[in-house]
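Open the model in your viewer and keep the selection tool ready. This tour goes chain by chain, then stops at a single residue.

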Amino acid sequence: MGDKSMTADEVVSRLASGMTLGIGGWGSRRKPMALVRALLRSDIGDLTVVSYGGPDVGMLAAAGRIRRLVTAFVTLDSVPLEPHYRAARERGAFELTEVDEGMFMAGLRAAADRLPFLPVRAGLGSDVPRVNPGLRTVTSPYEDGETFAAMPALRLDAALVHVNRADRLGNGQYLGPDPYFDDLFCEAADAAYVSCERLVDTAELTKEAGPQSLLVKRLAVTGVVEAPNGAHFTSCAPDYGRDEEFQRRYASTPWPEFAARFLDGDEEAYREAVQAWRKEGTDVSGNG
Amino acid sequence: MSQATADGDCGASAVTRAEYCVIACAEAWRGAGEILASPMGLIPSLGARLARLTFAPDLLLTDGEALLVRPDGTPEGWLPYRQHLALVAGGRRHVMMGASQIDRYGNQNISCIGDWSAPRRQLLGVRGAPLNTLNNPTSYWIPRHSRRVFVERVDMVCGVGYDRAAGLGVTARFHRIPRVVSDLGVFDFATPDHSMRVASLHPGVSVEQLREATGFVLAVPDEVPRTREPTGEELRLVREVLDPRGARAREVPEGVRG
C-alpha cells in the first residue's frame with residue numbers, strides 16, 4: 001500500500017492547462033482553498049471548472065484561469081453574491097454552463113457510475129435547456145412515457161477536495177455535519193487530490209468518530225496533502241468556522257490588490273499575511 | 001389598540017406589516033401534513049416555525065444546514081444536501097424561495113438580470129429552482145413588492161411557471177405554485193389560465209398601491225380579502241419565542257410604504 005502524501009505544489013505539478021477540474025465543498029464551505037491557492041501560484045489556465053461554487057470559483061475566475069464554468073450557483077453564503085465571480089461573468093471572462101443543483105449531482109453520479117447520462121426531472125420548462133442547447137431529453141421506455149432531461153456525465157480529469165482528517169493511503173474523513181459531494185467528485189475523476197486538516201494514522205481515524213465518517217476511499221484517491229487551515233477562509237466544521245471578517249475583506253477588496261497582498265507567496269506567506277492583516281485590524285479598532 | 005400594557009410589548013401593540021407577512025407565510029404550510037418545510041429568508045422561516053408550533057404540528061424543519069430540528073433546535077434527523085436533493089425529487093417538501101423577478105404565470109428568476117449570454121447583473125444562478133418546481137410545491141417570498149420584481153417577462157426562467165409547465169404534460173404532474181407572499185399581499189394562481197391573482201391584501205394596502213407596484217396586470221377579485229389577523233397566541237409566539245429581538249422588522253420595515 002503506497003504512501004500518497006504529497007505537497008500542494010506536487011498536486012499542481014500533476015495538473016495541466018485545459019483540464020476539467022472538479023472542486024468539492026459547497027458555496028463557502030469546506031473548499032480546498034490551499035490547493036486553489038497553489039493552483040493560483042502556477043500558470044495553469046484554460047480550465048473547465050465544475051463546482052457548487054464559492055470563493056474557489058471567484059478567485060479562479062478573477063485570475064482568468066477559467067475557460068468554462070459548470071455550476072448551479074456561486075455564493076459566499078453570508079455574502080450572497082460572489083463579487084469577483086460576478087465581475088468576471090459580467091465582463092464575459094468565461095463560458096458558463098448553468099445547470100440545476102440536482103442536475104449537477106446527476107452529472108457527477110453518472111460520471112462515477114460510468115454512464116453517459118442520468119435522467120432527472122428538472123430543467124425542462126425552465127431556461128436551462130435554452131442556455132444549454134446541447135442538453136438532450138430522454139423518454140421513459142415504460143408505459144408512463146415521461147420525458148426527462150438527460151444530464152450528461154460530468155467526468156473530471158481531476159478532483160480537489162478538502163476533509164478534516166486523512167491517512168497517507170488516501171482514506172479521507174469528514175467530521176462536520178455534511179459530506180457535501182466530495183466522495184462523488186473523487187469517484188467522477190480520473191485523479192483525485194484530497195487535502196486535510198491533519199494527516200493521521202489509519203487507526204486514529206475511527207478512534208473518535210464512527211466508520212460512516214470515512215467519506216473518501218483510498219481507491220478513489222491519487223494524492224493526499226496535509227494542509228492545516230487548508231479551507232480558510234471557508235468553513236471546515238468542526239475544526240473551524242468560516243472566517244467572516246476575512247471573507248468580507250476578500251469580498252470588498254479589488255482583486256489585484258487582494259491577490260498581491262495575500263496570494264503572491266506560498267501557503268506559509270498566506271498565513272502570515274492573514275495574521276498581519278488581523279493584527280492591523282485590531283490595532284485600528286483599538287480593542288485588541 | 002395603542003394602549004400600552006404593563007407586562008411587556010406584546011398583547012396590545014398593533015400588528016406590524018412584518019407580522020402579517022409571517023402569518024401569510026405560515027398559512028402556506030396549513031394542512032401540509034408530515035413534510036419538510038423549506039423556508040428561505042427570515043420571514044418564511046418564522047412562518048414555517050409558527051405553523052409547526054400551532055396548526056401544522058407534523059411539519060419537519062431544518063436548521064438551514066444538515067439537521068432536521070424541532071422548533072427549539074433539538075435535532076431529530078440528518079438531512080445533508082445530497083439527501084435534501086433526493087427529498088425534493090420525492091416531493092415530500094414545500095419550499096418557499098426568493099425571487100429576483102417573477103411574472104404573472106409564476107416563472108421565477110434568480111440567475112441574472114438582462115440577456116443571459118451577457119448579463120447586466122449576475123445573480124446567484126438557477127440553484128435548485130428547476131428541480132423544486134417540477135417535483136414539490138414551490139411558493140415564493142418577496143420582501144419588497146415592486147415593478148423590478150413583478151415583471152412582464154423574467155430574463156431567465158429558473159423556477160417553472162404555469163404556462164411553461166402546461167407544455168410539459170406528465171413531466172409536470174407534480175408542478176404546483178401554491179402562493180406568492182410579498183410585503184403588500186398574498187397571491188395565488190386560481191384563475192382559468194393560472195395567471196397571478198390577488199388572494200389577500202395586507203391591512204393598510206390598497207389595490208391602487210398594489211397595481212402601481214406590479215409590472216403586469218394582476219387578476220383582482222371584486223372583493224379582495226384582507227390577510228387574516230394573527231391570534232393572540234400567534235403574536236406571542238412570534239414576539240416572545242421565535243423573534244424576540246425583532247429581526248423581522250429589518251426584513252419588512254414598518255411605515256416604509258402605505
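Select chain B and colour by secondary structure: eight helices and 13 strands appear. How does the radius of gyration compare with the globule rule for 258 residues? Chain B has 18 Å, close to the 18 Å that the rule gives, so chain B is as compact as a globular protein of that length. Bear in mind throughout that this is a predicted model.

Stay on chain B and show the C-alpha atoms alone. Along the principal axes they fill a box of roughly 60 × 45 × 35 Å. Now colour by relative accessible area. Of the 258 residues, 52% count as buried. Switch on the surface of chain B: the accessible area is about 11200 Å², and carbon and sulfur atoms hold 52% of that.

Next, draw the contacts within chain B. Take those between residues at least 6 apart in sequence; 66% of them join residues at least 24 apart. Then pick out the charged side chains. Chain B carries 30 positive and 29 negative ones, and the centres of the two sets are 5 Å apart.

Move to chain A. Its secondary structure consists of 11 helices and 12 strands. What radius of gyration would a compact globule of 288 residues have? The expected value is near 19 Å, and chain A agrees because its own radius is 19 Å. The C-alpha trace spans about 70 × 50 × 35 Å along its principal axes.

Repeat the colouring on chain A. Buried residues account for 60% of its 288 residues. The accessible surface is about 11400 Å², with 50% belonging to carbon and sulfur atoms. Draw the contacts with a separation of 6 or more: residues 24 or more positions apart make up 73% of them. For the charges, select 32 positive and 42 negative. Their mean positions lie 1 Å apart.

Last stop: zoom in on A237(A). This residue sits in the loop between strand 12 (223–226) and helix 9 (244–252) of chain A. Is A237(A) buried, partly exposed or exposed? A237(A) is partly exposed, because its relative accessible area of 33% falls between the 20% and 50% cut-offs.

Now select Y174(A) as well and set a C-alpha to C-alpha distance. A237(A) and Y174(A) are 63 residues apart in sequence, yet 8.8 Å apart in space. Finally, show what A237(A) touches. Beyond its neighbours within four places in sequence, A237(A) is in contact with N164(A), L175(A), G176(A) and P177(A).

Key: Residues numbered from 1 in each chain as written. Chains lettered and ligands numbered in written order. Predicted model: local features only at pLDDT ≥ 70, side-chain atom pairs only at ≥ 80, totals over all residues. Heavy atoms only, no water. Helix = DSSP H or I, 4+ residues; strand = E, 2+ residues; numbered from the N terminus. Rg over C-alpha atoms; globule rule 2.2 N^0.38 Å. Buried < 20%, exposed > 50% of the residue type's maximum accessible area, 1.4 Å probe, protein only. Contact = heavy atoms within 4.5 Å. Areas by Shrake-Rupley, 256 points an atom, 1.4 Å probe, with all protein chains shown as cover. Lys, Arg positive; Asp, Glu negative; His and termini not counted. Charge placed at Lys NZ, Arg CZ, Asp CG, Glu CD.
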